[in-house]
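The exercises below ask you to read a protein chain from its overall build down to single residues. Keep the sequence and the structure in view while you work through each solution.

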Amino acid sequence: MKKTSILILLILLAVFACEKDDICSEATATTPQLVVRFYDALIPEDTKSVSGLFVYGINDANEAVFFKNITVGTKDSIAIPLRTDSDMTKLVFHSDFSIDDNGTPDDGSDDIVLGNPDVVDVSYVRDDIYVSRACGYKATFTNLGAVLTLDTDNWATQITIENNTIDNENTAHINIYH
């Protein structure tokens, strides 16, 4: 009987000892992603989808970093995570990227490069904000800047900053015209 009472007491203590901060709710705001919207370069007020869009990052060692939940598709906007350990994220935007029937990336040519890649350097100032003990910190980004690396075959023609503060994902932050 004594062992059972102690066991029940320990279980009750464990259940009621948890505080609200011990669990991070899925509804808690996290670090917002960069929202990029694509527009028609000839009719700038019209959105225009990018055929076969695929986006990934480049790390400090110049290696590709693939993002979770970003797949190849025809899209007029995309949300992309930014680095929280640096004040710059290098992004590669591929147009006309495709995957063949074997699941192998294929752009229809024998080139090593798949699709038509354009590199964009996104710069910002990070602000780490404490959320809670369970959730930790989230970052917001201010003073947003973006520079398109020019090459001999850019599909993107211009980049504009629509909103230079990234504190939510409700509106576009960068517009890319093509």
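Residues 24 or more positions apart account for 57% of the contacts in this chain that have a separation of 6 or more, where a contact means heavy atoms within 4.5 Å. The model is a predicted one, in which local features need pLDDT of at least 70 and side-chain atom pairs count only at pLDDT 80 or more, while totals for chains, interfaces and linings use all residues. Residues are numbered from 1 along each chain as its sequence is written, and side-chain values use heavy atoms, with hydrogens and water left out.

**Exercise 1. Describe the chain as a whole.**

Step 1: begin with the elements, which are one helix and ten strands; helices (H or I, at least four residues) and strands (E, at least two) are DSSP runs, numbered from the N terminus. Step 2: put them in sequence order, which gives the pattern α-β-β-β-β-β-β-β-β-β-β. Step 3: turn to the surface, where the accessible area of the chain comes to about 11200 Å², with 53% of it belonging to carbon and sulfur atoms; such areas come from the Shrake-Rupley method with a 1.4 Å probe, and for residues only the protein chains shown count as cover. Step 4: of the 178 residues, 30% count as buried, a word that stands for under 20% relative accessible area, whereas exposed means over 50% and partly exposed lies in between (1.4 Å probe, protein chains only).

**Exercise 2. Work out the strand order of the four-stranded open sheet, and find its edges.**

Step 1: the order is E5-E1-E10-E9, and the pairing is mixed; two strands pair if DSSP finds at least two bridges between them. Step 2: the edge strands are E5 (77-80) and E9 (158-161), since each of them pairs on one side only. Step 3: neighbouring strands of this sheet are turned by 25 degrees against each other on average, with direction ignored; here axes are lines fitted to C-alpha atoms, for helices over the stretch in contact, and angles run from 0 to 180 degrees between N-to-C directions. Step 4: look at one pair in detail, namely E9 and E10 (residues 174-177), which run in the antiparallel sense and share four bridges. Within this pair, Ile159 stands opposite Ile176 of E10.

**Exercise 3. Trace salt bridges, and say which parts of the chain they join.**

Step 1: a salt bridge is a side-chain nitrogen of Lys or Arg within 4 Å of a carboxyl oxygen of Asp or Glu, and by this rule the count comes to five. Step 2: one of them joins the side chains of Arg83 and Asp60, at 3.0 Å from N to O. Arg83 lies in the loop between E5 and E6 (88-95) and Asp60 in the loop between E2 (50-58) and E3 (64-65), so this pair ties together parts that are 23 residues apart in sequence. Arg83 is buried at 19% relative accessibility, whereas Asp60 is exposed at 69%. Asp60 and Arg83 also belong to a network of salt bridges together with Asp85.

Step 3: Arg126 and Asp87 meet in another salt bridge, at 2.8 Å from N to O. This pair links distant parts of the chain, with Arg126 in E7 (residues 116-132) and Asp87 in the loop between E5 and E6, 39 residues apart. Arg126 is partly exposed, with a relative accessible area of 29%, and Asp87 is partly exposed as well, at 40%.

Step 4: Lys90 forms a salt bridge with Asp121, their closest N and O atoms being 3.2 Å apart. Lys90 is in E6 and Asp121 in E7, 31 residues apart.

**Exercise 4. Find the nearest side chain of opposite charge to Lys138, and list residues in contact with Lys138.**

Step 1: locate Lys138 in strand E8 (residues 136-148). Step 2: Lys138 is buried yet has no salt bridge, and the nearest side chain of opposite charge, Asp167, is 7.9 Å away; Lys and Arg count as positive and Asp and Glu as negative, while His and the chain ends are not counted. Step 3: leaving aside neighbours within four places in sequence, the contacts of Lys138 include Ala29, Thr30, Asp127 and Asp128.

**Exercise 5. Place Asn69 and Asp96, and state their phi angles.**

Step 1: Asn69 is in the loop between E3 and E4 (73-75), has phi near 70 degrees, a positive value in a residue other than glycine, and is exposed at 73% relative accessibility. Step 2: Asp96 is in the loop between E6 and E7, has a positive phi near 60 degrees, and is partly exposed at 47%.
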